[in-house]
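Have the sequence and the 3D view side by side for this one. We'll follow some charged side chains first and then walk along a helix.

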Amino acid sequence: MDRCRIIKLTMEKKKFLERDDLETTSMEPLSPMSQMLSSPNLFIVITFGFKTKCNPSAFVEGFKTTLINAPRFSSKMVINYKKNGEPVWIPVSIRIEDHVTVPDLDYPNIENPDQFLEDYTSRIANIPMDMSKPLWELHLLNIKTSNAESVLLAKIHHSVGDGMSLMSLLLACSRKTSDPSALISNTSATKKPVKSMISAWWLIAGLWFMIRVTFTTLVEFFKLMLTTCFLRDTKNPLMGNPDDGIQSWKVIHRIISFDDVKLVKNTMNMKVNDVLLGMTQAGLSRYLTTKYDGYTMSQKKKILEKIRFRGAVAINLRPATNIEDLANMMTKGSKCRWGNFIGTIIFPLWIKSEKDPLEYVRRAKATMDRKKISLEAFLFYGIIKFTLNFFGGKAVEAFGKRIFGNTSLAFSNVKGPDEEISLFGHPISYVAGSALVGSQALNIHFISYVNKIIINLAVDTTTIPDPHQLCDEIVEALKIIKSAVQEKRSHNMEV
């Protein structure tokens, strides 16, 4: 049975719920972003590496007292026939055991555990979500890899929640490794002091800032509309054909040092996200340079200079930038919303052959600073909400396909805990995760955990057959940027 037929059958399961059941069941509509992400093949695959062998019964009992308390994990998505066939959430009874898979594997005879895990993860990433039950599943593997003694794979539909929501859920289910009885403490965002003195200078500065915000927002909104209507990225080796859809997902991850990223961040006076975008730009430039065989370096440089290469970057719209505890997030009136409260910005990547590697991070910071001034992410969310209210879910899905289909990649960065945590008595070594969304052939996601950053790539192998080479180029780009930063610091010290 091919992939398209599986998706069709899954959708039929979702549609043929008894209408009488809907009339007697409490329903909750999907949020605008969840509506856009309601397709069966849009989900998030998360890998938890543990420092000990996993005990399946401990996880089952643990999730019985935590996971099912989150409403989205004990609800399923069905069609509301009374509201133009729009999907809604309805609560259902649930058995944790029906969502947990413990495969019977011949572990001693697995020659390459890392490759086995990669293949297993990619295999479940190519199976559409079963929409006839709550939209999540877990796979427990007692397989020793290079970075863990055992692994938990979680496959969660993207309509259930975004990266911030799922990270908060993880923290609510976890405890400090150093103190098994204590929840991890949230890291609060530093608040800038507010000037109480009002003067003519501050009024002028405030007025100028409002003018900049208005102008920048109008410009970015115009670009967003052009992208929605017809403006596509230049055809390049990393861009798939949106009409063909995703043929075959490959999901990989790589662990790097968070300290290396912080070194660049502190030296260049920028944010972690700026460094990650900068190293991504540098890595993609290095990778694309290898894909134009038969050209001289001068010709390759000219080709890269003419490429329009943009990414759909997910932006958290919650007022609090720190990781919120799940209990607070689920409380009525909380400033931090559960679900998908994210916007998207269209980020032009600097794909060039630069002699100065630090130019990639400088460009990333400059572009992101301009995006931060605009209200593009909020406008994107507002457009989705307006479209849903006036034109329905089909129009929302069509809008999303246009945005993702006209750009080359999806990008996000999720901040994880700063201290080591344990999940039901299992110390976590790392957390990796990829959101499989849109029609782009390339999805790049970064997750931080203690002193590590995990690079996550989800690629369509029909477009990008060598994801490990691409990942190598991104890692090498960080090394080159770090060396340039160290050289700069040494020079400053000498001066």
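Asp119 is partly exposed, with 32% of relative accessible area. Keep in mind as you look that this is a predicted model. Which residue does the side chain of Asp119 meet in a salt bridge? That partner is Lys250, and the N to O distance is 3.1 Å. Now trace the two along the chain: Asp119 sits in helix α5 (residues 113-125), while Lys250 belongs to strand β9 (residues 249-257). They are 131 residues apart, so this pair links distant parts of the chain. Is Lys250 buried or exposed? Lys250 counts as buried, because its relative accessibility is 16% and the cut-off for buried is under 20%.

Next, find Lys482 and Asp260, whose side chains also form a salt bridge, this time at 2.9 Å from N to O. Here again distant parts of the chain are linked: Lys482 lies in helix α15 (residues 467-494) and Asp260 in helix α8 (residues 258-268), 222 residues apart. Lys482 is partly exposed, with a relative accessible area of 23%.

Salt bridges can also join residues within one helix. Take Lys64 and Glu61, which meet through their side chains at 3.5 Å, N to O. Why can these two reach each other? Both are in helix α4 (residues 56-64), and because they are three residues apart, about one helical turn separates them. An α-helix has 3.6 residues a turn, so residues three or four places apart point the same way. As for the surroundings, Lys64 is partly exposed at 32% relative accessibility, and Glu61 is partly exposed too, at 48%. This pair also has company: salt bridges with shared partners tie Glu61, Lys64, Arg95, Glu97 and Asp98 into one network. How many salt bridges does the structure hold? The count is 24.

Let's leave the charges and follow helix α7, which runs through residues 200-229. This helix has 30 residues, and from its first C-alpha to its last it reaches 44 Å, close to the 44 Å expected at 1.5 Å a residue. Which residues of α7 are buried? They are Val213, Thr216, Thr217, Glu220, Leu224, Thr227 and Thr228. To see what covers them, look around the helix: the cover includes the strands β10 (310-316) and β11 (342-348), along with the helices α12 (358-373), α13 (376-391) and α14 (393-405).

Key
Residues are numbered from 1 along each chain as its sequence is written. This is a predicted model: local features need pLDDT of at least 70, side-chain atom pairs count only at pLDDT 80 or more; totals for chains, interfaces and linings use all residues. Side-chain values use heavy atoms; hydrogens and water are left out. A salt bridge is a side-chain nitrogen of Lys or Arg within 4 Å of a carboxyl oxygen of Asp or Glu. Helices (H or I, at least four residues) and strands (E, at least two) are DSSP runs, numbered from the N terminus. Buried means under 20% relative accessible area, exposed over 50%, partly exposed in between (1.4 Å probe, protein chains only). The expected span of a helix is 1.5 Å times one less than its number of residues. Contact means heavy atoms within 4.5 Å.
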